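Colleague: Got a minute to go through this one with me? Start with the terms, please.

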Amino acid sequence: MSIALTRASSAHFGLRWLWITPLVLVTALIAGTAIGETPIPVDTIVKVLANQLIGTDYPVDRIDAGIIWNYRLSRAVVAACCGTSLALAGVVLQALLRNPLADPYLMGISAGASTGAVAVAVAGLGAGALSLSLGAFVGALLAFGIVVMLAHAANSGVGGGRGVQAAGAIILAGIAGSQLFNALTAFIITKSASAEQARGIMFWLMGNLSGVRWADVTLAVPAALFGLLVCLWHRRSLDAFTFGADSAASMGIAVRPVRGMLIIAMALVTAVMVSIVGAIGFVGLVIPHAVRFIVGSRHTRLVPATALAGAVFLIGSDILSRVLISGQVLPIGVITSLIGAPAFALILVRGKRS
Amino acid sequence: MRLTAERLAWSVHGTPLLADVNLTVEPGQTFGLVGPNGSGKTSLLRLLAGLNRPKAGRVLMDSQPLHTLKQRAIAQSVALVEQQADTTDRITVHQVVSLGRTPFLSALRPWSTEDDAIVAQALADVDMAHMADRLWHTLSGGERQRVHIARALAQQPKILLLDEPTNHLDIRHQLSILELVRQLPITVVISLHDLNQAMECDRIGVMDGGRLIDSGLPQDILTPNRLQQTFGVYAHVIDDPVDGKQVMRFHSAI
């Protein structure tokens, strides 16, 4: 076991590494901008950024500038936001539901988003007035609402041990809701989609950053920051759930409002991300577990570390998705799952042994 | 702090678990709860801790009704040691005990050296200071129980509620925890299965079928007659030749 875990009693103070966070993030963003089909030297990137951000006037190739500013940087920023949000949602759900397998898609969000996207793109819902993203967002919230209502109904009138039962109810309701919406998606595709539409929608379902532009950044950045701030603000509440909801209540946490607020906040943030880039799997499941392995399970450290790791992981996955097969962009969800699944298995095995 | 329960009732899915429980524990007293399995001891402790809202009646801290207080305000005065509370998190003993400071911390009141001192004292009180850096999942059942008690002590409660805290403990730690609890200058309600240990409480109450059927001084309550009626065992009382205290011996019921 690493020293960080066995000698973790200094958890309250072990935040000296935080200064490195912006450094790593900026490095990752620059890497995400530099690496691709056409490699662009870092000094060109710095010049373009300076021109755009602080109004300098370095001479740069206009095509390079276009690729950097309009295409790659916005894409890298959205990837970072998405990674941060999904990973944090995983942290929150795993802490609150006391289930290591909880992830942001548990609550029906990805299934609902898929149905919404398919309803707009294939079945023509909204007659062109709705965008794919908006359809996905509405679908995600609808599915989440149904899951919550189902969990609430299953949970009403329950007395003792409410924490355990509430957590179980949400997980079961999430599974039921996801299956329902997945069936709806499949139904719409088989009924109305042409082969080409089906291929396009499959791409979207596995995560697609290709269409990302600055308009998406202005949505993704505030959402990710909101998610991060909510998690940081409630880090002690998340810690207090270590021994379950009853234990949290006995240590002064208003369990129902705090848990409800955190889950809704994370569902909203996840819905925003899914509606921009599609359902990218495994980030919310693997990143929190991997980070716990390194910095321990206290949220004062876990939340910032997970936010950073999620961002870097998704920027890295996006780079891989663009360079792995030359001339072709893979869906980013394929990369995250190809890395995530074995990583998760490794964590599982090593965690059991140690 | 005085703890009062007035006509408490509690039920789950229509099954009544507690009915008409009246109880007063004076400041500084140690009150023992005894009774057979399923008699309502845990339910009563949960209501006293404010984890469940009673279906009828109310709980008072001094003259303040519990249900008018926020969870955080309750937790600043009342600590509960549950019977079973486990985690799969990789977390050290010190981190668990630090959780006890949660009700006092906020964004404006971060962790301080005072909190460090309180946690260190709580660990020392339950004889776990030397294991502060051990990981939770490497502890035995008894060690975990002591850590939970330390976590409750770190809350610096004015009222401490303990649900069968001596389960899993070896005899030395059973005695030292009970001794520690009795010496605390705070109000304590403790549920116990060992009736001889219950004899050491200031007062005890007997639970049966969701009702508090008797309460008072231990020697007045735990009579052979009561033991036969409520617990279904025959008992006789013998005098310890060393200190003259009364000891119960039990025989199986028919």
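Modeller: Terms, then. Two strands pair if DSSP finds at least two bridges between them. Strands (E, at least two residues) and helices (H or I, at least four) are DSSP runs, numbered from the N terminus. The model is predicted: local features need pLDDT of at least 70, side-chain atom pairs count only at pLDDT 80 or more, and totals for chains, interfaces and linings use all residues. Residues are numbered from 1 along each chain as its sequence is written, and chains are lettered from A and ligands numbered from 1 in the order in which they are written.

Colleague: Fine. Which residue stands opposite Leu8(B) in E2(B)?

Modeller: Val21(B). The strands there are E1 (residues 3-12) and E2 (residues 15-25) of chain B, antiparallel over seven bridges.

Colleague: What joins E1(B) and E2(B)?

Modeller: A hairpin with two residues between the strands. His13(B) sits in the turn, with a positive phi of about 50 degrees.

Colleague: And what is the strand order in the open sheet of chain B?

Modeller: E2-E1-E4-E5, four strands with antiparallel pairing. E2 and E5 (64-65) of chain B are the edges, each pairing on one side only. E1(B) also pairs with E4 (residues 56-61) of chain B, over five bridges. Ala5(B) is opposite Val59(B) there.

Colleague: Which helix packs on that sheet?

Modeller: H1(B), touching E1, E2 and E4 of chain B. Contact means C-beta atoms, placed from the backbone, within 7 Å. The direction of H1(B) makes about 120 degrees with that of E1(B). Axes are lines fitted to C-alpha atoms, for helices over the stretch in contact; angles run from 0 to 180 degrees between N-to-C directions.

Colleague: Switching to the whole chain. How many helices and strands does chain B have?

Modeller: Nine helices and 12 strands. The radius of gyration is 19 Å, close to the 18 Å that the globule rule gives for 254 residues, so chain B is as compact as a globular protein of that length. That radius is over C-alpha atoms; the rule is 2.2 Å times the number of residues to the power 0.38.

Colleague: How many residues of chain B are in contact with chain A?

Modeller: 34, against 30 residues of chain A. H1 (41-48), H2 (71-75), strand E6 (78-81) and H3 (93-98) of chain B each supply at least two residues of that side. H2(B) gives the largest share, four residues.

Methods:
Contact = placed C-beta atoms within 7 Å.
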